[in-house]
Number of protein chains: 4
Amino acid sequence: MGAVKTKRMPRAVREQQMLDAAVRTFGRRGYMAASMDEIAELAGVSKPLVYLYLNSKESLFTACIRREARALTEAVRTGVRPDLPADRQLWDGLQAFFAHTAEHPDGWSVLHLQARTHGDPFAAEVRAMREEIVAFVTELIVVAAREAHSDPDLPEREVAGLAEALVGAAESLAAWTNATPGATARQSASTLMNFAWAGLSNLMDGRPWSPPVDEVS
Amino acid sequence: MGAVKTKRMPRAVREQQMLDAAVRTFGRRGYMAASMDEIAELAGVSKPLVYLYLNSKESLFTACIRREARALTEAVRTGVRPDLPADRQLWDGLQAFFAHTAEHPDGWSVLHLQARTHGDPFAAEVRAMREEIVAFVTELIVVAAREAHSDPDLPEREVAGLAEALVGAAESLAAWTNATPGATARQSASTLMNFAWAGLSNLMDGRPWSPPVDEVS
Amino acid sequence: MGAVKTKRMPRAVREQQMLDAAVRTFGRRGYMAASMDEIAELAGVSKPLVYLYLNSKESLFTACIRREARALTEAVRTGVRPDLPADRQLWDGLQAFFAHTAEHPDGWSVLHLQARTHGDPFAAEVRAMREEIVAFVTELIVVAAREAHSDPDLPEREVAGLAEALVGAAESLAAWTNATPGATARQSASTLMNFAWAGLSNLMDGRPWSPPVDEVS
Amino acid sequence: MGAVKTKRMPRAVREQQMLDAAVRTFGRRGYMAASMDEIAELAGVSKPLVYLYLNSKESLFTACIRREARALTEAVRTGVRPDLPADRQLWDGLQAFFAHTAEHPDGWSVLHLQARTHGDPFAAEVRAMREEIVAFVTELIVVAAREAHSDPDLPEREVAGLAEALVGAAESLAAWTNATPGATARQSASTLMNFAWAGLSNLMDGRPWSPPVDEVS
DNA sequence: AATGAATGAGGGTTCATTCAT
DNA sequence: CATGAATGAACCCTCATTCAT
């Protein structure tokens, strides 16, 4: 188990191996329960090397958070085409989000569970990423409202709350999707679009939101 | 700071003081980072007494989880009148939920953040509570659909996903409410009802869900 | 398990109950591993009462040693009639010894194992008892030599060593007797008499020591 | 006091230092009363290093037992030449035994006192060594009987008891030798040979066992 | 570029012992 | 006569971190 012990690798590669090991360990054990010993062993290097490259446990954890946060936002950003209509953008973004979290459960655990349970150096890092996503969703809602010639009165605080709720629902569904056998990223995205876009009353009246037909990938 | 150091209290009282201190400490520091020393000091007792009454860190944490879970479900149950229509029940339940989590942020942290971050003795405890709540919400959705003479069927798995999303959104909004100055339990409940019940499309068409007028308190 | 919880007993009785519990616990767990909690519970009293009557763990252990030492020497003394010939006295004494240790394994463990493994307050106590027994055996050897019109030259130090060896063999056989199913006190006494009195060379020449026929009990 | 504080030693050396310190501490204080702190200090290292190399108190104690048991049996084995007559082998073995135990009193305490006082991981270890020795002595008695054209049979159980008694006597004399000023290994061996081989009756008749004349050292 | 050797500090747990009633 | 309530001190063990090579 752990990376094959190859000697003399360039620094960048070694660092990635260490981060891989760290994300996996932090994701499964939690920040405090993860030991530098275990991470070093899993990475196939000696502990001093980990310190040489990544300075401290705190700094290593921060590096993990940053790498995983960037990977997640990038995945979502890549999944969305800003020239399409708002609901389509949301739909694509959600699919990308669910797909990425399903493929990187340890990274998702680091971001969603572990980083938030400890004080501010870490929580702040995740908050930043989250705010970026919430801002994106907020903008989507505003644009959608404009496109729909909506009455002008979704007050700002209300929109913020809506975005927050939507993101929270997504996060929760991500965990649920990973834990429920047979639940797929696409299904979860669909459920959430129905919930968010159409709302329960529409759903119950038989007017669900329907996914666009001309998908790309 | 900490409880006033009063000597010779009956066991039941001391136990509550200890649980108070433990919930606060676990909620803020996390399970692993919290030290029994700190908890004992905050409770105003010596460490051996904590062990005498609560046996171990694990068992103490479990006791915290159980107490807080019971308090939360009780608060929600008390807020809801089962003879009222489904949307009114949901509205009342959400208000109770947001109010309780706002008043007990440490307890909420224990349940929502800390207990889930660590292995199965603890996570299972919370899962049980959460499943109870999800079941309640699921039932509400089913009843609402029936009341609305809905097209026969929201398929079962879909309903489960919706309930999951709604609960997740609520959990997320609870944190947001606590963290956002000026956000109140009532507002958050309102936002979430709009989001869940009416959906974004209705909202944007100027058809929000509107809270019932004949409130009690 | 443990003594029946009867209230208000005279001090002497309570003390014996405590010593019983202590001997059993010390004998099985060892001095350090035995906890005052366990002893008090087994005695059916509260811990402060144990301290009130017996002052401290050390003093309690000492009391155990003394009581068991006295019981053992008394048992041996009672088994021996000083007017009989030396070999008969030894034979009777050994039988009494093996019988007593077999009937009080915890007490024997306290004396033979536990008390010796810890520093001098305790070891000294046992040493005193042991020296009494060794002196008795030494005297027996001297008397026997005189009765046999022996050459006068068993030097004193030699006799001391012989007595020591005999007592050591007996102690060792006591443990062996308790641990070996089917081994009885009488057999062990017989084996040891053969060994000590006749010696291996006599045994091998078919001249064992033979037990007296006219036993009392 | 304690080893000179030399830094950076190879692991094998440090391990021996630790075992030395542990044997000394366990031998004098007993298993439970010995603290890892004391052992580490006596070894001239920090506690974590002891744990790094020897894993736990239990495992450290076991390592001590094994090392001392091996050293003792090796010493006896080395002292005996299997081509010599049985009584000579016994004589040589006893001398080696008394010499070794006198030179390693702490090791002997670990084996004879401490290890037996605590439960089965440890006691079993010593039992194994002891059984090896008892088997050796048993064989010696059987061979001696054959050499002496003994009446056909000392029954098997009887021989077992005799060997047990002889070994027990030796163990007991070992302690006595260490504790009695002026008692030497050679004298104790001689006393025990007389006792065991000739028996008291022969001794008292002036027919002691006499040590062989052509000794090596 | 990499590591074997080593430690200060702290955490969970238990125990003998004592008040105050 | 008897005890529920409480603690100071110590012990085993682990961890993040560094030095010398």
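Which element gives the most to the surface near DNA strand E? That's α3(A), with four residues. What you have here is a predicted model, where local features need pLDDT of at least 70, side-chain atom pairs count only at pLDDT 80 or more, and totals for chains, interfaces and linings use all residues. Residues are numbered from 1 along each chain as its sequence is written, chains are lettered from A and ligands numbered from 1 in the order in which they are written, and side-chain values use heavy atoms, with hydrogens and water left out.

Let's start with the DNA and then look at how the chains pair up.

**Around DNA strand E**

- There are 34 residues surrounding DNA strand E, and the closest are Tyr51(B), Lys57(B), Lys57(C), Arg8(D) and Pro48(D). A residue counts as near a strand if one of its heavy atoms lies within 4 Å of it.
- Of the strand E atoms that come within 4 Å of the protein, sugar and phosphate make up 53%.
- Helix α3 (47-54) turns up in chain A, chain B, chain C and chain D as a supplier of at least two residues of this surface, and α1 (11-29) of chain D does so too. Helices here are DSSP runs (H or I, at least four residues), numbered from the N terminus.
- Sorted by class, the surface has 17 nonpolar, six polar and eleven charged residues. In this sorting, Ala, Val, Leu, Ile, Met, Phe, Trp, Tyr, Cys and Pro are nonpolar, Asp, Glu, Lys and Arg are charged, and the others, Gly among them, are polar.
- Ser46(A) has a side-chain N or O atom 3.0 Å from a phosphate oxygen of strand E.
- Tyr51(C) also puts a polar side-chain atom 3.0 Å from a phosphate oxygen of strand E.
- With Met36(B), a polar backbone atom is involved, 2.8 Å from a phosphate oxygen of strand E.

**Around DNA strand F**

- DNA strand F is surrounded by 35 residues, with Lys57(A), Arg8(B), Pro48(B), Lys47(D) and Lys57(D) the closest.
- Sugar and phosphate account for 54% of the strand F atoms that come within 4 Å of the protein.
- At least two residues each come from α3 of chain A, α3 of chain C and α3 of chain D, and from both α1 (11-29) and α3 of chain B.
- The class count for this surface is 18 nonpolar, six polar and eleven charged residues.
- Chain A reaches the phosphates of strand F with two side chains listed here: an N or O atom of Lys57(A) is 2.6 Å from a phosphate oxygen, and one of Tyr51(A) is 3.0 Å from a phosphate oxygen.
- Met36(D) uses a polar backbone atom, 3.0 Å from a phosphate oxygen of strand F.

**Where chain A meets chain B**

- Each chain brings 48 residues to the contact, where contact means heavy atoms within 4.5 Å.
- About 3900 Å² is buried between chain A and chain B, with carbon and sulfur atoms giving 65% of that. Buried area is the accessible area (1.4 Å probe) that two parts lose on being put together, summed over both.
- There are zero salt bridges across this interface (a side-chain nitrogen of Lys or Arg within 4 Å of a carboxyl oxygen of Asp or Glu).
- Three residue pairs, both at pLDDT 80 or more, are in polar contact across the interface. That term means a pair of N or O atoms within 3.5 Å; within protein, one must be able to donate a hydrogen and the other to accept it, and residues adjacent in sequence count only if both atoms are side-chain atoms.
- On the chain A side, the elements giving two or more residues are α6 (105-114), α7 (120-147), α8 (156-179) and α9 (185-204).
- That side has 25 nonpolar, 15 polar and eight charged residues.
- The copies meet through the same surface, because 96% of the interface residues of chain A are also interface residues in chain B.

**Where chain D meets chain C**

- Chain D puts in 49 residues and chain C 47.
- The two bury about 3900 Å² between them, 65% of it on carbon and sulfur atoms.

**How the copies are related**

- Chain A superposes on chain B by a rotation of 178° with 0.1 Å of shift along its axis (RMSD 0.3 Å). The fit is by least squares on the C-alpha atoms of residues with pLDDT of at least 70 in both.
- Gly199(A) is the residue of chain A that comes closest to the rotation axis, at 1.4 Å (C-alpha).
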